[in-house]
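Colleague: I am new to this structure and would like to go through it with you step by step. Could we begin with the charged side chains and then move on to the rest?

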Amino acid sequence: MSKALPKPIAAYIAGSNAHDAADAALAFADNAVVRDESHDHRGIAAIRAWKAEVVKKYRPTVEVLDVGESDGKTIVKGRVSGDFPGSPVELRYAFTLEGEKIARLEIVP
């Protein structure tokens, strides 16, 4: 594994770490899906609202630990710190890309 991030994933993480929900959402395709905490968020508006809620609740930042590929997905292992019990935690982000946009993101412990 390496730490080289594809451009849309780097843009998402930069927007997330800046606590800018609108900027983070720009990395996604119009019909993208984010799966987080067993819920799906479909489309740019829903993804922007989800990210805004996450920022408001937890103020998280992600430190990228590893990046790899598996089954056509870019897998990012990150250390997430923020205002939540047990911080920091390590999470796995599975990104599916379509061109220069994120089509799907699944976040799991």
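Colleague: In this predicted model, how does Glu106 count by its relative accessibility, as buried, partly exposed or exposed?

Modeller: The model is a predicted one, and in it the relative accessibility of Glu106 is 22%. Buried would require a value under 20% and exposed one over 50%, so at 22% Glu106 counts as partly exposed.

Colleague: With which residue of strand 4 does Glu106 form a salt bridge?

Modeller: Glu106 lies in strand 6, and its partner stands 33 residues apart from it in strand 4, so that the pair links distant parts of the chain. The closest N and O atoms of this pair are 3.4 Å apart, and the side chain of Glu106 also meets that of Arg104 in a salt bridge, at 3.3 Å from N to O. The partner in strand 4 is partly exposed, with a relative accessible area of 26%, and it is Lys73.

Colleague: Which residue in strand 4 stands opposite Glu63?

Modeller: Strand 3 and strand 4 (residues 73-81) pair in the antiparallel sense over nine bridges, and Glu63 belongs to strand 3. The residue opposite also meets Glu63 through its side chain, in a salt bridge of 3.1 Å from N to O, and both are part of a salt-bridge network that includes Lys77 and Glu90. At 41% relative accessibility Glu63 counts as partly exposed, and the residue that stands opposite Glu63 is Arg79.

Colleague: Which strands stand at the edges of the sheet?

Modeller: The sheet is open and is formed by six strands with mixed pairing, in the order 2-1-6-5-4-3. The strands at its edges each have a single partner strand, so one side of each is left without a neighbour in the sheet. The twist averages 20° from one strand to the next, and the edge strands are strand 2 (39-42) and strand 3 (61-70).

Colleague: At about what angle does helix 3 run to strand 1?

Modeller: Two helices can be placed against these strands. Helix 1 (residues 7-17) packs on the sheet, where strand 1, strand 3, strand 4, strand 5 and strand 6 are touched, and its direction makes about 60° with that of strand 6. Helix 3 (residues 43-58), for its part, lies across strand 1, strand 2 and strand 6, and its angle to strand 1 is about 45°.

Colleague: How far away from Lys51 is the nearest side chain of opposite charge?

Modeller: Lys51 lies in helix 3 and is buried, yet has no salt bridge. Leaving aside neighbours within four places in sequence, Lys51 is in contact with Tyr12, Ser16, Ala21 and Ala24, and of these Ser16, in helix 1, is itself buried, with a relative accessible area of 6%. A salt bridge needs the nitrogen and the oxygen within 4 Å, whereas the nearest side chain of opposite charge, Asp36, is away from Lys51 by 7.3 Å.

Colleague: Is the ring pair of Tyr58 and Phe84 stacked or edge-to-face?

Modeller: Among the four aromatic pairs found in the whole structure, this one has ring centres 6.0 Å apart, and it joins helix 3, where Tyr58 lies, to the loop between strand 4 and strand 5, where Phe84 lies. By contrast, the planes of Tyr93 and Phe95 are at 15°, so that pair is stacked. The planes of Tyr58 and Phe84 are at 90°, so their pair is edge-to-face.

Terms used. Residues are numbered from 1 along each chain as its sequence is written. This is a predicted model: local features need pLDDT of at least 70, side-chain atom pairs count only at pLDDT 80 or more; totals for chains, interfaces and linings use all residues. Side-chain values use heavy atoms; hydrogens and water are left out. Two strands pair if DSSP finds at least two bridges between them. Helices (H or I, at least four residues) and strands (E, at least two) are DSSP runs, numbered from the N terminus. Axes are lines fitted to C-alpha atoms, for helices over the stretch in contact, and angles run from 0 to 180 degrees between N-to-C directions. Contact means heavy atoms within 4.5 Å. Buried means under 20% relative accessible area, exposed over 50%, partly exposed in between (1.4 Å probe, protein chains only). Lys and Arg count as positive and Asp and Glu as negative; His and the chain ends are not counted. Rings of Phe, Tyr and Trp (its six-membered ring) pair if their centres lie within 6.5 Å; planes under 30 degrees apart count as stacked, over 60 as edge-to-face and the rest as tilted.
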